[in-house]
Amino acid sequence: MLRTVLLIWVLGLVALGSLTVVRAPTYNTWKLAILAGEFGHWLMWLAVAAGCLAFAQGLMAESGTMGRWVTWGTVVLALVAMCLLLRPRWEAWRIAQDLPEALEAGLGKVALKGPVLKRGRWWRLPGFGNGEAVAVETRVFAHEGTDAELALDFYRPGKPRAGAACIVVVHGGGWDSGDRQQLTEWNQLWAGRGYAVAAVSYRLAPKYPWPAQREDVVSALAWLKAHAAELGIASDNFVLLGRSAGGQIATAVAYTAHDPAIRGVVSLYSPYNMRFVWSIARPDDVLNSVKLLTQYLGGSPEGERGALYDSASPEGMVVTGQTPPTLLIHGELDELVWHRHSERLDARLTEAGVPHYFLSLPWATHACDFNLNGPSGQLIDYSLRWLLAEAEKPRPSVSD
């Protein structure tokens, strides 16, 4: 009985670990891929336990019996599971060796202290050990008194940093769902380091199609500037950060505003060319992308609607000398939003000579920042700290 249980146990761990090397085929397995990729260094201890139990049983099994072969096969499978589940941590270590040099080449030189990966963070559970929580203030910034009243959550830093950027967070959710309270632990972490954070709401499709979302983020920025003194922030230093659908909105705003107050933009696992998105969308894909695009942009990009698609496509908005420094983050195994989207924008930014860095994560899938202390989380954190430090640099005056 124990032999069978151990075999099933390690087969399940091998299947889970395989999601660090192959794309998850369904929405539910995508969630398991987050578990494997960002918590694998925890889960591998289950493989260690199973392997040790099987090894002990193998020593006691009679020579030449089928049970002995099954037992030692279980030991081998446990080792395979351990390797698969530890792959993200190994890959993160490999990337970390060259990350400071790569960020300096892409975004500029900054004085950032400390290692890329911190040993003490690996074993922290989400929500524990990441600093004291800061106060959160909810403010209405647009459409007050209507059915589309919009608010933002302002995380006021306990110890503000002189010259620090205000991070404006734009949530994901396929443009028709999600809210500003996604992954609030990240907001608390940044605020605890002295950065103000404004997590903003925007109107959702299909009731409010594009460009309502861009207008709402622009309104939020205008409100933050107007209330900068009250909030204790600089009115000329903002970094936009968006996840998934929010990354498309954030980059579209940053690339079209031509606003020197936007010192940088961070986009995680997002699409940037809506015509390209339509060209690969299928009704039977994981997200039903055809439905999402139809809700968001009104249909296919044919005819006059093509201009609307272009206005929502940051890839076509890159302008040398005007596009702000950009940090792109994407997992190579992302099944919901393909890695190819970030590859294309990375190539366009390189062609235009825009300061940027593309953090590509070989093991990761969509929402790879779910565990801020995991392999993806620590690399993302370090890269974002670099961009924020770059945003703090004094701007040269016109006379210079």
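Okay, let me start with a strand pair: strand 1 and strand 2, residues 150-155, run antiparallel and are joined over 6 bridges. If you want one rung of that ladder to look at, take Val140, whose bridge partner in strand 2 is Ala151. Before I go on, remember that this is a predicted model.

Now zoom out to the whole sheet. There are 8 strands in an open sheet, the order is 1-2-4-3-5-6-7-8, and the pairing is mixed. Who sits at the edges? That would be strand 1 (136-142) and strand 8 (356-361); each has a single partner strand, so one side of each is left without a neighbour in the sheet. As for the twist, neighbouring strands here are turned by 20° against each other on average, ignoring direction.

Let's walk to strand 5, residues 238-243. How many of the residues of strand 5 are buried? It's 6 of 6, so to speak a mostly covered strand. Looking at the two faces, Phe238, Leu240 and Gly242 point one way, Val239, Leu241 and Arg243 point the other way, and all are buried. Yes, that list includes the arginine, Arg243.

Strand 5 has company on both flanks. With strand 3 it runs parallel, joined by 5 bridges, and there you can find Val168 standing opposite Leu240. With strand 6 the pairing is parallel again, over 6 bridges, and Arg243 has Leu268 in strand 6 as its bridge partner. To get from strand 5 to strand 6 the chain goes through helix 7, and that β-α-β crossover is right-handed.

On to the helices lying on the sheet. Helix 7, residues 245-257, lies across strand 3, strand 5, strand 6 and strand 7, and runs at about 150° to strand 5. Then there's helix 5, residues 212-226, which lies across strands including strand 1, strand 2, strand 3 (166-170) and strand 4 (196-200), as well as strand 5 and strand 6 (262-268). The angle of helix 5 to strand 1 is about 115°.

Next, the packing. In soluble globular proteins, nonpolar side chains tend to be buried together. In this model the largest nonpolar core has 63 residues, and the members touching the most other members are Trp190, Val266, Leu359, Leu361 and Leu379. Apart from that core lies another one, of 53 residues, with Leu152, Ala220, Ala281 and Leu297 among them.

Let me stay on Trp190 for a moment. Leaving aside residues up to four places away in sequence, Trp190 touches Ile167, Val169, Tyr195, Val197, Leu241, Arg243, Asp381 and Leu384. So Leu241 and Arg243, which we met pointing the same way out of strand 5, turn up again as contacts of Trp190.

Trp190 also brings us to the aromatics. The count is 10 aromatic pairs. One of them is Trp186 with Trp190, a tilted pair at 5.6 Å centre to centre and 35° between the planes. Why are these two about one helical turn apart? Because they are 4 residues apart in helix 4, residues 184-192. Both Trp186 and Trp190 are buried.

There's a second pair in the tilted class: Tyr382 and Trp386 have ring centres 6.1 Å apart and planes at 50°, so that pair counts as tilted. These two sit in helix 12 (residues 375-392), 4 residues apart, again about one turn of the helix. Tyr382 is buried, and Trp386 is too. Elsewhere, ring pairs link Trp175, Trp210 and Tyr296 into a cluster.

Two residues to finish. Glu332 is in the loop between strand 7 (326-331) and helix 11 (340-352). Buried or exposed, where does Glu332 fall? In between: relative accessibility is 32%, so Glu332 counts as partly exposed. Beyond its sequence neighbours up to four places away, Glu332 touches Arg23, His339, Ser360, Leu361, Pro362 and Ala364. Leu361 is a name you've heard, from the largest nonpolar core. Along the chain Glu332 and Thr20 are 312 residues apart, yet C-alpha to C-alpha they are 9.9 Å apart in space.

And then Ala229, in helix 6, residues 228-231. Its relative accessible area is 78%, so Ala229 is exposed. Ala229 and Val265 are 36 residues apart along the chain, with 23 Å between their C-alpha atoms.

Key:
Residues are numbered from 1 along each chain as its sequence is written. This is a predicted model: local features need pLDDT of at least 70, side-chain atom pairs count only at pLDDT 80 or more; totals for chains, interfaces and linings use all residues. Side-chain values use heavy atoms; hydrogens and water are left out. Buried means under 20% relative accessible area, exposed over 50%, partly exposed in between (1.4 Å probe, protein chains only). Contact means heavy atoms within 4.5 Å. Two strands pair if DSSP finds at least two bridges between them. Axes are lines fitted to C-alpha atoms, for helices over the stretch in contact, and angles run from 0 to 180 degrees between N-to-C directions. A crossover is right-handed if, with the strands pointing away from the viewer, the path from the first strand over the helix to the second runs clockwise. A nonpolar core is a set of buried Ala, Val, Leu, Ile, Met, Phe, Trp, Tyr and Cys residues joined through side-chain atoms within 4.5 Å. Rings of Phe, Tyr and Trp (its six-membered ring) pair if their centres lie within 6.5 Å; planes under 30 degrees apart count as stacked, over 60 as edge-to-face and the rest as tilted.
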